[in-house]
Amino acid sequence: TRHVREGGEDHGRADRRVHAQVEHQVEVLEAEATEDMFSMAGIAGERVFGSFGASVRRRLPWLYVNLATTLLVFAIGRRLFGRFAGAIAAAAFALLSVDRWIMGVFAHATHFVLLPALAALFLLLRAPAARRAPSLVTGGVLLGLAVIVKQHGFPFVLLGAFVVLEANLAAGRSARRILLELGLLVAGAIL
């Protein structure tokens, strides 16, 4: 009987240790779940009732990027389709770019691809006929920067080449001039 009693005591101690380990794991899982919820809400690493000013300061760079991109959407839309279409496009972009389902509140890398890509397209659309070379190289550099930020920005390089090609064809320029301008754009993108 003494052996059974000692075994029972050992079993009770083991039960208490297992119970303590299970409680610890539950606490860890609850903490991780809370952290994940804060991350999905865009407040990871912040106190829920922390300083509003500190939260705004942390988000200011993203807000500036988003504002500049929205202005570029307006400018490109206005240039291509008129003021009203540009305003509608900018409003749609501004609203959709902060949607949490498309990671708008998380300063996703896509937001940082759009700014240089749209700046390049705007520059290429406005490039003056007389001094196109600096605009082409600068546009290429901006498109290259978009690719560096995220490789998914490469289609913007193709779009930039299409804009240059279309402008040259509409102006009736020679094939040699078209190749020269495309070369300047690509050279800028490679830089």
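The exercises below, each with a worked solution, concern a predicted model.

## Exercise 1. Overall composition

Task: State how many helices and strands the protein has, and what share of its residues count as buried.

Solution.
1. The secondary structure consists of seven helices and zero strands.
2. Read along the sequence, the elements therefore give the pattern α-α-α-α-α-α-α.
3. The protein has 191 residues, and 26% of them count as buried.
4. For contacts with a separation of 6 or more, 59% come from residues 24 or more positions apart.

## Exercise 2. The salt bridges of Glu-181

Task: Find the salt bridges of the protein and describe the surroundings of each residue that takes part.

Solution.
1. The count comes to two salt bridges.
2. One of them joins the side chains of Arg-132 and Glu-181, with an N to O distance of 2.9 Å. Arg-132 lies in helix α5 and Glu-181 in helix α7, so this pair ties together parts that are 49 residues apart in sequence.
3. Arg-177 also forms a salt bridge with Glu-181, and here the closest N and O atoms are 2.9 Å apart. Both distances can be checked against the cut-off of 4 Å for a salt bridge.
4. Arg-177 and Glu-181 are four residues apart in helix α7, so about one helical turn separates them.
5. Glu-181 takes part in both pairs, and Arg-132, Arg-177 and Glu-181 are linked in a network of salt bridges.
6. For accessibility, apply the limit of under 20% for buried residues. Glu-181 has a relative accessible area of 2%, so Glu-181 is buried. Arg-132, at 6%, is buried as well. Arg-177 has 29% and is therefore partly exposed.

## Exercise 3. Further neighbours of Glu-181

Task: Locate Glu-181 in the secondary structure and list what it touches beyond four places in sequence.

Solution.
1. Glu-181 sits in helix α7, which covers residues 175–190.
2. With residues up to four places away left out, Glu-181 touches Arg-132, Leu-136, Val-164, Asn-168 and Arg-173.
3. Arg-132 in this list is a salt-bridge partner of Glu-181.
4. Asn-168 is joined to Glu-181 by a side-chain polar contact of 2.7 Å.

## Exercise 4. The two sides of α6

Task: Compare the span of α6 with the expected value, then work out how its buried residues are placed around the axis.

Solution.
1. Helix α6 has 18 residues and reaches 26 Å from its first C-alpha to its last. This is close to the 26 Å expected at 1.5 Å a residue.
2. The buried residues in α6 are Phe-156, Val-157, Gly-160, Val-163, Val-164 and Asn-168.
3. They cover an arc of only 125 degrees around the axis, so they lie on the same side of α6.
4. The face turned away from this buried side carries the exposed residues Leu-158, Phe-162, Leu-169 and Ala-170.
5. The packing partners of the buried residues are α4, α5 and α7.
6. After α6 comes Gly-172, whose phi is positive, near 70 degrees.

## Exercise 5. The largest nonpolar core

Task: Identify the members of the largest nonpolar core that touch the most other members, and state which helix gives the most to this core.

Solution.
1. The core has 23 residues, and those touching the most other members are Leu-118, Leu-121, Leu-124, Leu-143, Phe-156 and Val-164.
2. Helices α2, α4, α5, α6 and α7 each supply at least two residues of this core.
3. The most come from α4, which gives eight residues.
4. Take Phe-156 as one case. Beyond four places in sequence, Phe-156 touches Val-113, Leu-114, Ala-117, Leu-121 and Leu-143.
5. Take Leu-124 as another. Leu-124 is found in helix α4 and, at 3% relative accessibility, counts as buried.
6. Leaving aside neighbours within four places in sequence, Leu-124 is in contact with Ser-135, Leu-136, Gly-139, Leu-143, Gly-160, Val-163, Val-164 and Leu-185.
7. Leu-124 and Leu-185 are 61 residues apart along the chain, and their C-alpha atoms are separated by 9.5 Å.

## Exercise 6. A polar residue in α2

Task: Decide whether Thr-70 is buried or exposed, and name its contacts beyond four places in sequence.

Solution.
1. Thr-70 is found in helix α2.
2. Thr-70 has a relative accessible area of 13%, so this residue is buried.
3. Not counting residues up to four places away, Thr-70 touches Ala-90, Phe-93 and Ala-94.

Methods: Residues are numbered from 1 along each chain as its sequence is written. This is a predicted model: local features need pLDDT of at least 70, side-chain atom pairs count only at pLDDT 80 or more; totals for chains, interfaces and linings use all residues. Side-chain values use heavy atoms; hydrogens and water are left out. Buried means under 20% relative accessible area, exposed over 50%, partly exposed in between (1.4 Å probe, protein chains only). A polar contact is a pair of N or O atoms within 3.5 Å; within protein, one must be able to donate a hydrogen and the other to accept it, and residues adjacent in sequence count only if both atoms are side-chain atoms. Contact means heavy atoms within 4.5 Å. A nonpolar core is a set of buried Ala, Val, Leu, Ile, Met, Phe, Trp, Tyr and Cys residues joined through side-chain atoms within 4.5 Å. The expected span of a helix is 1.5 Å times one less than its number of residues. The arc is that of the directions from the helix axis to the C-beta atoms.
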